[in-house]
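Me: I'd like to talk through this fold with you, starting from the sheet and then moving on to the rings. Can you take a look?

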Amino acid sequence: MSRSRHSYQPRHGHNLPHDPLNAIIAPRPIGWISSQSARGERNLAPYSFFNCFNYQPPIIGFSSQGWKDSVANIAETGEFVWNLTTRDLAVAMNESSASVAQGEDEFALAGLTALPATQVSVSMVAESPVNFECKLTQIIQLQDANGEKLDQWLVLGEAVVIHIDSELLEDGIYQTAKANPVLRAGGPSAYYTIGDDRRFDLVRPDARSKI
């Protein structure tokens with residue numbers, strides 16, 4: 001099939017009003033990461049480059065442009081928490097993204113409750129219905145195709161405890177849409193949610209005979 005395409009080499013620019021990369025790789029779950037410095041200073045920040053990378057053990061990760069407080073804290077303590085961002089927490093999540101002085105508590109800034117975790121020395125967002133307590137597994141400095149190191153840091157951690165609001169479990173099945181998660185899209189301000197009216201199901205070919 002023949003179609004018109006806009007093609008570009010990212011190193012030489014995209015020749016569009018806005019870089020389309022974030023809009024193409026979207027929507028993305030938000031890495032709302034809480035951490036704590038060795039001095040006990042709390043930090044809470046959202047990262048749009050976030051996802052899950054392994055089932056057992058569960059490994060999640062986020063990527064930070066620059067060695068920010070979240071990365072520094074996790075490097076010091078080896079611990080962090082991921083907190084699910086839901087639609088009713090979207091404004092608070094956005095407030096926690098503000099650039100503030102080191103040591104300022106984003107929990108207080110965003111009007112959120114800091115709930116002690118059970119296996120790590122980091123506070124969870126009490127208002128969030130899902131929290132992953134994580135132990136650091138790797139911090140990887142990314143590099144380009146030429147081997148040049150970038151000021152971009154991939155933080156990976158094993159979820160050692162997972163907390164789920166019981167209202168999101170029906171017959172033991174987690175209800176993704178019921179949680180009303182917020183997903184990051186392209187541009188400076190675009191977000192999305194999901195709903196059951198948009199759901200469709202596909203069964204993998206090698207599993208069809210088992211149904």
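**Sheet and rings**

Reply: Sure, and keep in mind that this is a predicted model. Seven strands make up an open sheet with antiparallel pairing, and their order is β3-β2-β6-β9-β10-β5-β4.

Me: Which strands stand at the edges of the sheet?

Reply: Look for strands with a single partner, because one side of each is then left without a neighbour in the sheet. The two that fit are β3 (42-47) and β4 (50-54).

Me: By how many degrees are neighbouring strands turned against each other on average?

Reply: Here the direction of the strands is ignored. On average, the turn between neighbours in this sheet comes to 35 degrees.

Me: In β6, what is the bridge partner of serine 34?

Reply: Start with the strands: β2 (residues 31-36) and β6 (residues 79-83) run antiparallel and are joined by three bridges. On the β6 side, serine 34 is partnered by valine 81.

Me: Which helix packs on the sheet, and what angle does its direction make with that of β2?

Reply: The helix spans residues 69-77 and is α2. Among the strands α2 touches are β5 (59-65), β9 (130-143) and β10 (149-164). Its direction and that of β2 make an angle of about 50 degrees.

Me: On to the rings. Are the planes of phenylalanine 62 and phenylalanine 80 stacked or edge-to-face?

Reply: The structure holds five aromatic pairs, and this one has its ring centres 6.1 Å apart. The planes stand at 80 degrees, and over 60 counts as edge-to-face. Phenylalanine 62 is in strand β5 and phenylalanine 80 in strand β6, so the pair links parts of the chain 18 residues apart. Both residues are buried, and the pair is edge-to-face.

Me: What about tryptophan 82 and phenylalanine 132: how many residues apart are they?

Reply: They form an edge-to-face pair, 4.8 Å centre to centre with 75 degrees between the planes. Both are buried. Tryptophan 82 belongs to strand β6 and phenylalanine 132 to strand β9, which puts them 50 residues apart.

Me: Which residue forms one aromatic cluster with Phe62 and Phe80?

Reply: We have already met Phe62 and Phe80 as a pair. The cluster they belong to also takes in Tyr47.

Me: Over which ring does the charged end of arginine 184 sit?

Reply: There are two arginines to look at here. Arginine 42 lies over the face of phenylalanine 107, 5.5 Å from the ring centre. For arginine 184, the distance from the ring centre is 4.6 Å, and the ring is that of tyrosine 191.

Terms used
Residues are numbered from 1 along each chain as its sequence is written. This is a predicted model: local features need pLDDT of at least 70, side-chain atom pairs count only at pLDDT 80 or more; totals for chains, interfaces and linings use all residues. Side-chain values use heavy atoms; hydrogens and water are left out. Two strands pair if DSSP finds at least two bridges between them. Helices (H or I, at least four residues) and strands (E, at least two) are DSSP runs, numbered from the N terminus. Axes are lines fitted to C-alpha atoms, for helices over the stretch in contact, and angles run from 0 to 180 degrees between N-to-C directions. Contact means heavy atoms within 4.5 Å. Rings of Phe, Tyr and Trp (its six-membered ring) pair if their centres lie within 6.5 Å; planes under 30 degrees apart count as stacked, over 60 as edge-to-face and the rest as tilted. Buried means under 20% relative accessible area, exposed over 50%, partly exposed in between (1.4 Å probe, protein chains only). A charge sits over a ring if NZ of Lys or CZ of Arg is within 6 Å of the ring centre and within 35 degrees of the ring normal.
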